[in-house]
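Open the structure in your viewer and keep the sequence panel in sight. We will go from stop to stop, selecting as we go.

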Amino acid sequence: MKTSRFLKIALLTTGALTMAVAAISFTTQVVENPPITGEINAPEEVKQLFRHACYDCHSNNTQLAWYDKLPVVAGLVRKDVETARQHLNFSEWDRLTPAQQQSALWEAYNMINSGTMPLPSYAALHGNAKVTREELSGLRNYLNTKRVKVVPDSVKTAQTRQQWEKDQLPVSVNGIRHMPEFRQWQVMSTTSRFDNTTMRVMFANPVAMQAIKEKKINPWPDGAVIVKVVWEKSIDANGNIHPGKFLNIQYMVRDAKRYQDTDGWGYAKFETPALKPYGSTPMTFRECSSCHRAASKTGGIFDLSTLN
Amino acid sequence: MRYIYFALAAVALISCSHAQQHLPAIRPYEFNDSGYQVITTMINEKANSVAMLYGNKAAMNLPSSGAVYKLVTYREQDNQFWFGSYINGELLSVETVDMTPVANGQPPAYQFKPYHGATAPSDAATRTAFIQSLQPAWYPCDPQ
């Protein structure tokens, strides 16, 4: 009787404890799983490795064991997951540029190979997080397909040469450099805006000028370059308007293949007399090309005088 | 539903044929500026015209003799491809100021060439002085 009563109490206590732990582990939201924006794209075996060894921390698909949800432990886990996601998130892979994806993959391999990742403290408790030799060599094989070779690139060659020149010319992020030689090119047109207070002069290089003469401008030939110089209007005492403050110089460089993302024209803009390149990434210039579609009848170029 | 596809196909066809339409009539370039550089541009809203001032090599490297200036005046017209912009249209005249005679103590030579029915200005000396008074526009990378 005495023992059974003792047992009862013991059972009740353990039961209560278990329930408490269970309740904590089911109800506590240790970390949230934000929506997946774009999963990493890799061979299945590589994705499999990342899923079981890294996803609890480096994805928006964190699945924690009950013991990760215990008080105290939960706080540490949350901190790890939050920092881990900031550094590398396989569920938001699309947010990285191709170059960033490339370097993240090689870094991941080297982190695993050196035993830094998955975090050893975590791996010790989570048997299934360990990366096997086979898996690691699978990742290595995949990376071998992603080795990069240096290829001839006229833009980079020009940039290399340029850094030795005394008067460095500004270069746009998409590789287009300011071309002072435009001063020898023919004038394509001049415009006076009345939707703003600027005036412009357009210059066309010999390839572009030839294309206009031969009426071969839809599409324009590769190598055509059109420059636009923009000033603020300045009016004199007689009412004549002259170019005032220089605002910027803009370029359209035709290379159908290289600039296919912007309808075959490479765009660039250099602002103020210091010719500060405009735009932080090549994507910036999509804003240029989408508006220039309004001139699709003339291959993307607005400023051609027509016979009315 | 079928009708929608049909309508879409029709729209696609129309827009394709549209893209193949021939070019708008581009105005030929009557003034050949090769060998000359732009010095500045001047808009005259009252006269509805725009003029480009050009100079030969000697005009661009002051001080030097043998400078030749050309003021090329066009009618302004609506830019057919952008409402909000006027563009140079019909060529009206080319005025040339040749500084060569100045070296022999003579006045600069002035010549007026009309196009498309423009009439000559009254006074050569006034026009010569006016053309010489025009200030260059600021161009990046030009020797300042």
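Does B:Asn48 count as buried, exposed or partly exposed? Select B:Asn48 and turn on the surface to form your own guess. B:Asn48 has 36% relative accessibility, so it counts as partly exposed. Remember as you look that this is a predicted model.

**Stop 1: the loop around B:Asn48**

Stay on B:Asn48, in the loop between E1 and E2 of chain B. Check its backbone angles. The phi of B:Asn48 is positive, about 55°, although the residue is not a glycine. Why stop for that? Because most residues other than glycine have a negative phi.

**Stop 2: the whole of chain B**

Now select all of chain B and show it as a cartoon. Look for three helices and five strands. Follow the chain along its sequence and you meet the pattern α-β-β-α-β-β-β-α. Chain B has 144 residues, and buried ones make up 40% of them. Next, take the contacts in chain B with a separation of 6 or more: 35% of these come from residues 24 or more positions apart.

**Stop 3: B:Thr73**

Select B:Thr73, in strand E3 of chain B. Is B:Thr73 buried or exposed? Its relative accessibility is 12%, under the 20% limit, so B:Thr73 counts as buried. Show what surrounds it. Leaving out residues up to four places away in sequence, B:Thr73 touches several others, among them B:Val50, B:Ala51, B:Leu91 and B:Leu92.

**Stop 4: where chain B meets chain A**

Color the two chains separately. How many residues does each chain bring to the contact? Chain B brings 46 and chain A brings 47. The area buried between them is about 4,300 Å². Carbon and sulfur atoms give 61% of that area. Pick out B:Tyr29, B:Ile43 and B:Phe81: they supply 16% of the area that chain B buries against chain A, more than any other three residues.

Look for polar links next. Between the chains, 18 residue pairs are in polar contact. The rule finds zero salt bridges across this interface.

Now highlight strands E1 (37-44), E2 (49-55), E3 (68-78) and E4 (85-98) of chain B. Each supplies at least two residues of the side that touches chain A. E1(B) gives the most, with seven residues. By class, this side of chain B has 26 nonpolar, 13 polar and seven charged residues.

**Stop 5: strands joined across the chains**

Select strand E1 of chain A, residues 186-193, together with E4(B). The two run antiparallel, and three bridges join them. Zoom in on A:Ser192. Which residue of E4(B) is its bridge partner? The partner is B:Tyr86.

**Stop 6: backbone details in chain A**

Go to A:Met117 and A:Pro118. A cis peptide bond joins them, with omega about -10°. A:Pro118 sits in the loop between helix H5 (98-113) and helix H6 (120-125) of chain A.

Move on to A:Asn218 and A:Pro219. The peptide bond from A:Asn218 to A:Pro219 is also cis, with omega near 10°. A:Pro219 lies in the loop between helix H9 (206-213) and strand E3 (225-235) of chain A. Such bonds merit a look because most peptide bonds are trans.

Finish at A:Leu275, in the loop between strand E5 (265-271) and strand E6 (276-277) of chain A. The phi of A:Leu275 is positive, near 50°, and the residue is not a glycine. A:Leu275 counts as buried because its relative accessibility is 5%.

Note on methods: Residues numbered from 1 in each chain as written. Chains lettered and ligands numbered in written order. Predicted model: local features only at pLDDT ≥ 70, side-chain atom pairs only at ≥ 80, totals over all residues. Heavy atoms only, no water. Contact = heavy atoms within 4.5 Å. Buried area = accessible area lost by both parts, 1.4 Å probe. Salt bridge = Lys/Arg side-chain N within 4 Å of Asp/Glu carboxyl O. Polar contact = N/O pair within 3.5 Å; in protein donor to acceptor, adjacent residues only side chain to side chain. Helix = DSSP H or I, 4+ residues; strand = E, 2+ residues; numbered from the N terminus. Nonpolar A, V, L, I, M, F, W, Y, C, P; charged D, E, K, R; others polar. Pairing = 2+ DSSP bridges. Buried < 20%, exposed > 50% of the residue type's maximum accessible area, 1.4 Å probe, protein only.
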